[in-house]
Amino acid sequence: MNITLYSFLYVLRLNEGNSTGRNIDERKKMQGENFTIWSIFFLEGFSQYPGLEVVLFVFSLVMYLTTLLGNSTLILITILDSHLKTPMYLFLGNLSFMDICYTSASVPTLLVNLLSSQKTIIFSGCAVQMYLSLAMGSTECVLLAVMAYDRYVAICNPLRYSIIMNRCVCARMATVSWVTGCLTALLETSFALQIPLCGNLIDHFTCEILAVLKLACTSSLLMNTIMLVVSILLLPISMLLVCISYIFILSTILRISSAEGRNKDFSTCGAHLTVVILYYGAALSVYLKPSSSNAQKIDKIISLLYGVLTPMLNPIIYSLRNKEVKDAVKKLLGKIPLHQTHEHL
C-alpha cells in the first residue's frame, strides 16, 4: 500500500511539474487539449461570514485538541495495559488512530485559513488532503460495521466469543477495513485528478472531492458512476449491517433477566448507536443526495460536524465512559495501585 501511495504522489509531482511558484493565472496545455492545470487552489471556506471565522476557529481548535488528546490517550493505554488486549480495544485503537489521521488531514488547514486573508493550497497538498480524507472516512465506515459485529458476537454468543473473534480473525477484519478504505479512496482520487477543471476556487474549507468536482469543465459519467457505487457500498450497506447487528443485540438484551445488566448494555449500545447515526447520517446527507448549489453551505456545516465533532466524541462515548478504560487511565497516571484488578467485559 505504501508503494502504491508513493507512486501516486510521484505522479502528482509530475503533474504539478514546474508550475509551482508561477503566477496562478499561468496555464499549461497538455496534449493539445484546452484545459488548465492549476498549481494553486483557493478555498472559500467560511469567508462569506467573516464575523463567524474567529468563533469557528476557537470551536475547531478546541475540538481538534480534544480529539488528539482523547484518541492518543486511548491508543496509549491499549498498548501499555495488558488487560485491554481484547478485540474491542484492538478495533477502538484502530478507530482512534484513524480519527487522528482524518482530522489532521483537514483541520490544520482549516485553522490556518480561518485566520488568513489568502486561503490557498497547492495542487499536491490538495490531492493528498483529498486522498487522506476519503481513505480515513471510508475505512471508518467499514470499521464501524466490524465493531458492531464484534459487539453482536460478544452479547449474543458470549460463550463462543473468544473462539469466533480470535486474534487472527480480528487482525484480518481490521486489515480488510484499511485496505478497502485506502483502495477505494485511491480509485476515486486518481480519477478525480484526471478531470479537467475550469476554475480553482473551491467552495469548501478543504479539498473535498465533491466540491472539487463541481469545478469540472464537463460532467464525467465514469466518475459519477464510481462515486455512486463506492458511496452505496460504503454507506448504506455498512449502515445496514450495523443496524442488523444492533437489532439482534437489542433483542438479546431484552431477554436479560438482570435489570442492572440490561441497563448497562442498553446504555452502551445507545451510546454506540448515537455515534453511528451521527456519522453515517451526516455522510449520507452529503454523498447520496441530489446535487444542489444552494445546499453547499449546509454541506460545509455537515462536513465540519462529522469531520471534527464525531472524532472527538468517539473516544468519549466508546471508551472513556467504560470502567476498564477509566481504571487504565488512573493506573497510567499512578492514581491507583498497580496490583488492582480490572473488571473484564
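Angles between helix axes under 35 degrees count as roughly parallel, over 145 as roughly antiparallel, 65 to 115 as roughly perpendicular, and the rest as oblique. The axes are lines fitted to C-alpha atoms over the stretch in contact, with angles from 0 to 180 degrees between N-to-C directions.

This is a predicted model, where local features need pLDDT of at least 70 and side-chain atom pairs count only at pLDDT 80 or more, while totals for chains, interfaces and linings use all residues. Residues are numbered from 1 along each chain as its sequence is written, and side-chain values use heavy atoms, leaving out hydrogens and water.

Let's look at helix α4 and its two partners (helices are DSSP runs of H or I, at least four residues, numbered from the N terminus).

| Pair | Axis distance | Angle | Handedness |
|---|---|---|---|
| α4 and α9 (residues 236-254) | within 9 Å | roughly 20° | left-handed |
| α4 and α6 (residues 167-192) | 8 Å | about 150° | right-handed |

Left-handed means that the near helix is turned anticlockwise from the far one by less than a right angle, right-handed clockwise. The helices α4 and α9 are therefore roughly parallel to each other. Contact means heavy atoms within 4.5 Å; among the residues meeting here are Y149 and Y152 in α4 and Y246 and F248 in α9.

The largest nonpolar core (buried Ala, Val, Leu, Ile, Met, Phe, Trp, Tyr and Cys joined through side-chain atoms within 4.5 Å; buried is under 20% relative accessible area with a 1.4 Å probe, protein chains only) has 76 residues. Its largest share, 18 residues, comes from α4 (residues 123-156).

Technical notes. Buried means under 20% relative accessible area, exposed over 50%, partly exposed in between (1.4 Å probe, protein chains only). Helices (H or I, at least four residues) and strands (E, at least two) are DSSP runs, numbered from the N terminus.
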